[in-house]
Amino acid sequence: MSQWLLLGVNSITLGGLLFLLSAGFSLIFGLMRIPNLTHGSFFMLGAYLGVTFLGLGFDFWLAALLAAAAMAVVGGGIERLLLRRLQGQELAQVLVTLGLSFMIADLCLMLWGGDPIPLDTPPGLGGAVPIASIVFPTYRLAIVAIAVVIAVLLWLMLERTRLGAMIRAGVDDPAMARVTGIRVSRLFTIVFCLGAAIAGFAGVIGGPILSVYPGLDSDMLPLALIVVILGGTGSLLGALVGSLIIGFLYNYGQVLFPELAYIILFLPMLLILLFRPQGLFGSRVP
Amino acid sequence: MADDALRLDGVHAYYGDSHVLQGVALRLAAGHVLGLLGRNGAGKTTCMNVAVGLLPPRIGTVSLFGETVSGRAPEAIATRGLALVPQGRRIFRSLTVRENLTVAARKPVAGARHPWTLDSVFAAFPRLAERQHQAAGYLSGGEQQMLAIGRALMSNPRVLLMDEPSEGLAPQIVAEVMSTIRRLKEQGLSILLVEQNAKLVFDLADDIVILNSGRVVVSDTAARLQASGVDLHQHLGVF
């Protein structure tokens with residue numbers, strides 16, 4: 001019994017990490033109309049940068065924040081210097097993000113080597129918390145708490161500020177937003193910086209659970225893609241619910257039907273695409 | 001004489017290979033209402049898209065109070081004082097009524113006579129004030145039209161483009177929209193009004209331009225056209 005509950009905690013933890021990864025992915029998809037195939041690389045590169053900052057003697061959380069800041073610069077640079085030049089050419093943009101993901105993977109392999117790098121759990125969070133008769137790993141609960149805090153902050157930014165309203169206007173109708181005087185291209189940069197930063201941050205704090213290894217990017221990207229197709233592009237709530245669904249499907253699926261892991265993950269995506277293409281929470285008000 | 005509020009000069013525009021505007025010239029005098037008429041597919045909405053910068057002309061220029069704006073991005077043209085009430089209204093459906101207005105808010109360009117604020121838009125359209133916290137997608141058609149007009153006014157434009165503001169609305173709401181346009185005109189706003197309904201246009205417009213297949217076929221004052229009894233059906237009739 002307790003084993004199933006623990007699996008539930010693991011599912012929620014993975015859901016939290018996936019949310020941090022896919023929140024930015026979803027906003028970029030909603031606003032720019034392209035899946036950013038570099039997003040898994042943001043996660044992995046952020047994790048490797050965290051490794052380096054830790055090696056320089058920084059505290060775990062400071063290393064995670066520094067990695068996030070560095071990824072904001074990388075993400076903003078990619079949008080400004082590459083994607084902007086291909087404005088309106090969606091296929092070219094997607095191909096650029098795909099090419100970049102391979103290049104970043106190569107670069108990481110060259111700089112950090114091919115062996116998985118385990119990250120230590122930050123001090124103070126290594127143990128386990130007994131709740132009722134079950135012991136929960138403290139660090140996993142901390143990840144869930146962080147994901148909740150970031151979700152709330154993102155929600156406040158999107159729903160309670162003028163900048164957030166402009167981003168939603170851009171998701172609703174980009175052409176009309178521009179005619180209204182909203183500088184949508186500036187929103188592209190902001191969303192790209194933000195998405196890359198959160199993904200990089202998630203890469204570091206996911207490190208103690210997932211460790212950091214070549215291929216982490218291509219392990220994470222498909223999950224983000226499924227989350228966003230399930231939840232609906234450009235929807236924060238969709239990203240949250242989609243992340244939890246995938247967190248549970250992934251963990252329970254691997255225990256119950258290990259040989260069908262990918263079918264269990266991708267079948268819901270196919271069904272959603274066929275029968276509800278805007279996703280569960282896609283931005284379609286009647 | 002002051003510069004025209006909005007001018008299209010020799011505009012050729014294409015959708016892909018389709019030559020939609022073939023040398024269109026039109027002039028909206030400052031403080032006037034210019035009615036733009038024509039059959040479906042004559043190029044009226046394309047003129048709007050060219051003016052706001054969504055479809056750059058391949059040849060020809062668009063100018064706003066003497067300043068050439070064609071070639072600039074839509075957001076740059078908007079900040080120079082051009083606002084659009086688009087066909088189909090295109091309000092931001094997932095934003096609240098209030099957010100639809102605030103995202104468009106801008107300080108008045110020098111020379112705007114009547115600076116619009118959230119309060120003055122709510123005063124002009126009390127229904128919007130009542131429903132300000134609702135998602136705009138749930139408004140009725142008439143309310144959405146009011147919101148689209150309010151959103152355009154929030155940018156404190158010098159020139160207002162209105163594309164089929166009566167489309168799909170009940171007669172009583174149409175009358176309300178028309179009286180709003182009349183009020184805006186009295187405040188000195190220059191308005192380009194696109195309509196299928198020729199009668200509405202002749203009630204309001206100082207000047208009339210009729211498009212047919214991407215070309216201007218009639219361009220005159222409304223008064224002269226009415227006096228001459230020109231056969232509008234020749235240009236506008238479906239049959």
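This section describes the contact between chains A and B, helix H8(A) and the nonpolar core. The model is predicted.

The contact draws 24 residues from chain B and 18 residues from chain A. On the chain B side, two elements give two or more residues: helix H2 (74-79) and helix H3 (97-102). H2(B) provides the largest share, four residues. Sorted by class, the side of chain B that touches chain A holds 13 nonpolar, five polar and six charged residues.

Helix H8 of chain A covers residues 184-210. Its 27 residues, at 1.5 Å a residue, should span 39 Å. The end C-alpha atoms lie 36 Å apart, which agrees. The helix is bent. At Val204(A), H8(A) turns by about 30 degrees. A proline, Pro208(A), follows within four residues. After the helix comes Ser211(A), with a positive phi near 60 degrees.

Burial is extensive along this helix: 22 of the 27 residues of H8(A) are buried, so H8(A) is largely enclosed by the rest of the structure.

In soluble globular proteins, nonpolar side chains tend to be buried together. Here, the largest nonpolar core comprises 155 residues. H8(A) gives the most to this core, contributing 16 residues. Leu161(B) and Leu193(B) have the most contacts inside the core. Beyond its neighbours within four places in sequence, Leu161(B) is in contact with Met48(B), Ala51(B) and Val52(B). Leu161(B) is also in contact with Leu82(B), Leu84(B), Val85(B) and Leu192(B).

Definitions and conventions: Residues numbered from 1 in each chain as written. Chains lettered and ligands numbered in written order. Predicted model: local features only at pLDDT ≥ 70, side-chain atom pairs only at ≥ 80, totals over all residues. Contact = placed C-beta atoms within 7 Å. Nonpolar A, V, L, I, M, F, W, Y, C, P; charged D, E, K, R; others polar. Expected span 1.5 Å × (residues − 1). Bend = angle between axes of the 7 residues up to and from the residue. Buried ≥ 20, exposed ≤ 12 C-beta atoms within 10 Å, placed from the backbone. Core = buried A, V, L, I, M, F, W, Y, C linked by C-beta atoms within 7 Å.
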